Amino acid sequence: MGIFNIFKKKKKEQAKKETPPSDTNIFGMILLEDANSFDMKGTANELRTKWNLSVNDSEADTINGVLGVDDYFFAIMVMDYKIPGDEAKTHASYNYFWKNGIEEVSKHQGHIIVSTLSSGRDVVQENLLYSKVIAAMLNNSKSIGFHMPNRTLILDTNFYLANMEEPINENKLPVLNWIYFGLSTQNEASSIFTYGLTDFGKKEMEIIDANYSIKETYQIMLHLVHYVIGQNITLRHNETVGFSAEQQVKVTESQGVFLEGVNTLKIAF
């Protein structure tokens, strides 16, 4: 896939070393088709009624401010202009789920910056709470999609919301809203890597030249990411991970193949 090679080159400059998630607030941007369409009150009401969350919107006006959700705080800033530069369109070119993503992203007329102000206690629950806030905001604006630049994610509104409709628990988390999966096929072999696991205090993972279809390799990595995040598993060099009683695969750590400049965990298939 051509976009895979482009992504590899970009990552040489952007590759991140593994750092504790407690030092990182969660940051993203909602792309607006109508820059004046965001409804703060509607967002707060949806968080209360759909997700049964405690919401304090006394410090937030109709477009800006600090929104209190449970015991966390979210800074919300509505910008009546496009996201500067071409990063959003570039990241849209990596999204194989959004075939006309570049064209759709180009239509946005404004954006909303959304950031946590108090992360560091429970990275999974914080990302889940953040996703609920984003979903409510997408539902209460004329939105095109959601952009998380530090994870190279840009997802269309319907895709993001669909991932939030599944029953959510430690075995079914909306990881497609959290982690980028890079795909490649070459000579009947398939490869895949993750980008975003470092925000959960985990090393990025790669499967290189597996003798499976790209769909099968993708499902394997998706299952593994669910397991690592949901069960808070730390995989280490020379360990094995079991996919069944009969199938135990080796984990090794080495320089990234598609994520240059950082060590990744290679899952042997």
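## Strands, pairs and a hairpin

Two strands count as paired if DSSP finds at least two bridges between them. Keep that in mind as you look at this structure, which is a predicted model. A good place to start is the hairpin of β6 and β7, with its 4 residues between the strands. In that hairpin, Thr152 takes a positive phi near 55°. The two strands run antiparallel and are joined by 4 bridges, with β7 covering residues 153–156. If you want to find one of the bridges yourself, look for Met148, whose partner in β7 is Leu153.

Now turn to the other neighbour of β6. Strand β1 (residues 27–32) pairs with β6 in the antiparallel sense, again over 4 bridges. Met29 has His147 of β6 as its bridge partner, and Leu32 stands opposite Ser143 in β6. So is β6 tucked away or out in the open? Strand β6 (residues 143–148) has 6 of its 6 residues buried, so the rest of the structure largely encloses it.

## The whole sheet

Zoom out and you'll see that these strands belong to an open sheet of 7 strands. Reading across, the order is β2-β3-β4-β5-β1-β6-β7, and the pairing is antiparallel. At the edges sit β2 (55–56) and β7, each of which pairs on one side only. What holds strands of a sheet together in general? They pair through backbone hydrogen bonds, either parallel or antiparallel.

## Helix α5 and the spot around Glu126

Next up is helix α5. It has 17 residues, which should span 24 Å at 1.5 Å a residue, and its end C-alpha atoms are indeed 24 Å apart. With 15 of those 17 residues buried, α5 is largely enclosed by the rest of the structure.

One residue of α5 to check out is Glu126. Glu126 is buried yet has no salt bridge. Why not, when Arg121 is the nearest side chain of opposite charge? Arg121 is 4.5 Å away, and a salt bridge needs the side-chain nitrogen within 4 Å of a carboxyl oxygen, so this pair doesn't make the cut. Glu126 does have polar company, though. Its side chain makes a polar contact of 2.9 Å with the side chain of Tyr72, and a polar atom of the Glu126 side chain lies 2.7 Å from the backbone nitrogen of Arg121. Leaving aside neighbours within four places in sequence, the contacts of Glu126 include Ile26, Ser118, Ser119 and Gly120.

Ser119 deserves a look of its own. You'll find Ser119 in the loop between β5 (110–116) and α5. Its relative accessible area is 16%, so Ser119 counts as buried. The side chain of Ser119 also reaches that of Thr116 in a polar contact of 2.7 Å.

## Helix α7 and what it packs against

Helix α7 (residues 214–230) also has 17 residues, and it reaches 24 Å from its first C-alpha to its last, close to the 24 Å expected. Its buried residues include Tyr218, Met221, Leu222, Leu224, Val225 and His226.

What do the buried residues of α7 pack against? The list has one helix you've already met, α5 (123–139), plus the strands β8 (180–186), β9 (189–195), β10 (205–210), β11 (240–242) and β13 (263–267). Just after α7, Asn232 takes a positive phi of about 55°.

## Salt bridges

How many salt bridges does a search of the whole structure find? There are 9. One of them links Arg48 and Asp57, with their closest N and O atoms 3.4 Å apart. Arg48 is partly exposed, at 30% relative accessible area, whereas Asp57 counts as buried at 12%. Add Lys41 and you have a network of salt bridges linking Lys41, Arg48 and Asp57.

Another salt bridge brings together the side chains of Lys89 and Asp86, at 3.9 Å from N to O. Here Lys89 is partly exposed, with a relative accessible area of 35%, and Asp86 is exposed, at 51%. Then there's the salt bridge between Asp199 and Arg151, at 2.8 Å from N to O. Asp199 is in the loop between β9 and β10 and Arg151 in the loop between β6 and β7, so this pair ties together parts that are 48 residues apart in sequence. Asp199 is buried, with a relative accessible area of 10%, and Arg151 is buried too, at 2%.

Note on methods. Residues are numbered from 1 along each chain as its sequence is written. This is a predicted model: local features need pLDDT of at least 70, side-chain atom pairs count only at pLDDT 80 or more; totals for chains, interfaces and linings use all residues. Side-chain values use heavy atoms; hydrogens and water are left out. The expected span of a helix is 1.5 Å times one less than its number of residues. Buried means under 20% relative accessible area, exposed over 50%, partly exposed in between (1.4 Å probe, protein chains only). Contact means heavy atoms within 4.5 Å. Lys and Arg count as positive and Asp and Glu as negative; His and the chain ends are not counted. A polar contact is a pair of N or O atoms within 3.5 Å; within protein, one must be able to donate a hydrogen and the other to accept it, and residues adjacent in sequence count only if both atoms are side-chain atoms.
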